[in-house]
Amino acid sequence: MNQRRWYDNDPILSKAMKILETSDDRFQIQVALNLIKIIIEHNIESNTFNTVEDILTAVDEGRCEKGSERWYDLDLTIRTAVQMLEKCPEEMQSKI
C-alpha cells in the first residue's frame with residue numbers, strides 16, 4: 001500500500017498529525033513551537049544542524065508551490081515544525 005503523506009508510514013505519527021490538524025490554532029502553534037525546540041535540541045546533539053541557516057534551508061527545501069498547500073503550510077510556525085520533523089530520521093520522529 002502506497003502512503004499519500006510521509007507521516008502516514010508511522011501509525012502513531014499519523015494519528016498525532018491528525019489530532020494536530022483538527023486542533024485549534026493556538027494549540028497548533030504551541031505544539032509547533034515545542035516541536036521546533038525539541039528537534040533543534042536533538043539535532044544540536046547529533047550535529048545535524050550546525051547553524052540557523054542549516055535549519056532554514058531544511059525548512060525551505062520542503063515548501064510546496066502556491067495552490068498545493070497542505071494544512072500545515074498555512075502557518076509559517078506550523079510548517080517549519082512539520083518540515084523539521086519530516087527531515088528527522090524515522091527513529092527520532094517516533095521518539096518525538
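Which exposed residues does the face of α1 turned away from its buried side carry? In this predicted model, that face of α1 carries Pro11, Ile12 and Lys15. A look at the whole chain helps to place this helix before its two sides are described.

The chain contains 5 helices and 0 strands, and its pattern along the sequence reads α-α-α-α-α. Of the 96 residues in the chain, 35% are buried. The exposed surface comes to about 6,700 Å², with carbon and sulfur atoms supplying 52% of it. Long-range pairing is well represented in the contact list: when contacts between residues at least 6 apart in sequence are considered, 57% join residues at least 24 apart.

Helix α1 spans residues 11-21, and its buried residues are Leu13, Ser14, Met17 and Leu20. Viewed down the axis of α1, these buried residues fall within an arc of 125 degrees, so they line one face of the helix. A general point of helix geometry is useful here: with 3.6 residues a turn, an α-helix has residues three or four places apart pointing the same way. At the N-terminal end of α1, Asp10 acts as the cap. A side-chain oxygen of Asp10 lies 2.9 Å from the backbone nitrogen of Ile12, and Ile12 is itself one of the exposed residues on the face turned away from the buried side.

Helix α1 also takes part in the largest pocket, which holds about 300 Å³ of space. The elements giving two or more residues to the lining of this pocket are α1, α2 (25-46) and α5 (90-95). Among these contributions, that of α1 is the greatest, at 6 residues. The lining has 16 residues in total, and those nearest the pocket centre are Leu13, Ala16, Val31, Leu35 and Ile96. Leu13 thus appears twice in this account, as a buried residue of α1 and as one of the residues nearest the centre of the pocket.

Attention can now turn to Ile39, a residue of helix α2. How buried or exposed is Ile39? Its relative accessible area is 0%, and because the cut-off for a buried residue is under 20%, Ile39 counts as buried. Beyond its neighbours within four places in sequence, Ile39 is in contact with Ala81, Met84, Leu85, Cys88 and Ile96. One of these partners, Leu85, stands 46 residues from Ile39 along the chain, yet the C-alpha atoms of the two are separated by 7.1 Å. Another partner, Ile96, is one of the residues nearest the centre of the largest pocket.

Notes
Residues numbered from 1 in each chain as written. Predicted model: local features only at pLDDT ≥ 70, side-chain atom pairs only at ≥ 80, totals over all residues. Heavy atoms only, no water. Helix = DSSP H or I, 4+ residues; strand = E, 2+ residues; numbered from the N terminus. Buried < 20%, exposed > 50% of the residue type's maximum accessible area, 1.4 Å probe, protein only. Contact = heavy atoms within 4.5 Å. Areas by Shrake-Rupley, 256 points an atom, 1.4 Å probe, with all protein chains shown as cover. Arc of directions from axis to C-beta. Polar contact = N/O pair within 3.5 Å; in protein donor to acceptor, adjacent residues only side chain to side chain. 1 Å grid on protein atoms, 1.4 Å probe; cavity = no way out; pocket = protein on both sides within 12 Å on 5 of 7 lines; lining within 4 Å. Points joined across faces, edges and corners; volume = space filled by probe spheres on them.
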